[in-house]
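Student: I would like to work through this entry with you, beginning at the ligand and moving outward from there. Could we take it one question at a time?

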Amino acid sequence: MRRPAIRLEDERRWGDLRAEMVERQLRGRGIRAPEVLAAMGRVPRERFVDPGMLSLAYDDRALGIGGGQTISQPYIVARMTEALELPRWRVDHGDETPKVLDVGTGSGYQAAILEAMGAEVTSMERDADLAEEARQRFANLGLRIVVIVGDGSAGYPDAAPYAAIVVGAAAPAIPDPLPDQLALGGRLVAPVGRREHQWLTLVERTVEGFRREELEPCVFVPLIGRFGFAEA
Ligand code: SAM
């Protein structure tokens, strides 16, 4: 069914769609952290989708953003963000701003959600065109997010250690260099498994070492790089 077009400037309509997404797709499916629900309710997803897909911006699914890449489904962005437990980091670290590495900038939506959570975000993208588009979006929205073009499967040691690392593309295993770039108490979330389907996997750096937990099944596009998959 074809939906009536909404103009990008029609903030009220977008606000209503965003509020409905938060209720149905997020709270309705178990996302509880108030900071995550608030961030997802604030960031204008319509500004991160392809203009030709504007009417689908708040649908319960991933959408194409060009070059065979996608902006992830809202629920999975919320689930990954919640698993990073950034509010707990602040409590445990005297309100210190958490530094977060976002691997796979794509549209920049996940990075924008992390920024809305009060994080200092460095985002890595291997595709220079997508990286430039995301930089433009961040500039238009007044978001201070650093975008680095490069292979995020090796992380970004220059800005480490991180309170959190989120990987927005599927890897065959947790990329070797990433856990070591976490600060003590830091958390990493990544889809790990085969090209066709994966498990959302959490790694936490504790005084005893690294604790690993599988959260739920998921499907992501592949992380292509030295510690990811080979280019097909
Ligand atoms: N987080 C993104 C968003 O909010 O729109 C969605 C990420 S998209 C599902 C996966 C992205 O990872 C693609 O843009 C792809 O080019 C990028 N990617 C794949 N392998 C990468 C690598 N080794 N380093 C950095 N980015 C990579």
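Student: Which residue has a polar backbone atom 3.5 Å from an oxygen atom of the ligand?

Tutor: We should bear in mind that this is a predicted model, and that every distance is computed from it. A polar contact is counted for N or O atoms within 3.5 Å, and the pair in question, which involves an oxygen atom of the ligand, is 3.5 Å apart. The residue that supplies the polar backbone atom is Tyr109.

Student: How much of the area that the ligand exposes when taken alone does the protein bury?

Tutor: Backbone atoms also approach nitrogen of the ligand, with an N or O atom of Gly104 at 3.1 Å from a nitrogen atom and one of Arg126 at 3.3 Å from a nitrogen atom. Taken alone, the ligand exposes 610 Å², and the share of this that the protein buries is 98%.

Student: Which element gives the largest share of the shell around the ligand?

Tutor: The ligand is surrounded by 25 residues, and the closest are Ser107, Glu125, Asp151, Gly152 and Ile224. At least two residues of this shell come from each of β2 (69-71), α5 (109-116) and β4 (120-125). The largest share, three residues, comes from β2.

Student: How many residues of the shell around the ligand are charged?

Tutor: Sorted by class, the shell holds nine nonpolar residues and 13 polar ones. The number of charged residues in the shell is three.

Student: Where does the ligand sit, and how many residues line that pocket?

Tutor: The ligand sits in the largest pocket, which holds about 640 Å³ of space. Elements that each supply at least two residues of its lining include α3 (74-84), β3 (99-103) and β9 (209-218), and by class the lining has 19 nonpolar, 16 polar and six charged residues. Gln69, Thr70, Gly168, Ala169 and Val221 lie nearest the centre of the largest pocket, and the residues that line this pocket number 41.

Student: Turning to the backbone, which residues are joined by a cis peptide bond?

Tutor: The bond has an omega of about 5°, and one of its partners, Pro161, is found in the loop between β5 (146-149) and β6 (162-167). The two residues joined are Ala160 and Pro161.

Student: What is the phi of Glu85?

Tutor: Glu85 lies in the loop between α3 and α4 (86-92). Although Glu85 is not a glycine, its phi is positive, at about 50°.

Key
Residues are numbered from 1 along each chain as its sequence is written. This is a predicted model: local features need pLDDT of at least 70, side-chain atom pairs count only at pLDDT 80 or more; totals for chains, interfaces and linings use all residues. Side-chain values use heavy atoms; hydrogens and water are left out. A residue is near a molecule or strand if one of its heavy atoms lies within 4 Å of it. A polar contact is a pair of N or O atoms within 3.5 Å; within protein, one must be able to donate a hydrogen and the other to accept it, and residues adjacent in sequence count only if both atoms are side-chain atoms. Accessible areas come from the Shrake-Rupley method with a 1.4 Å probe; for residues, only the protein chains shown count as cover. On a 1 Å grid over the protein atoms alone, a cavity is a set of points where a 1.4 Å probe fits but cannot get out, and a pocket is an open set with protein on both sides within 12 Å along at least five of seven lines; lining residues have an atom within 4 Å of a point. A molecule sits in a cavity or pocket if more than half of its atoms lie within 2 Å of its grid points. Helices (H or I, at least four residues) and strands (E, at least two) are DSSP runs, numbered from the N terminus. Ala, Val, Leu, Ile, Met, Phe, Trp, Tyr, Cys and Pro count as nonpolar, Asp, Glu, Lys and Arg as charged, and the others, Gly among them, as polar. Grid points are joined across faces, edges and corners, and a volume is the space filled by probe spheres set on the points.
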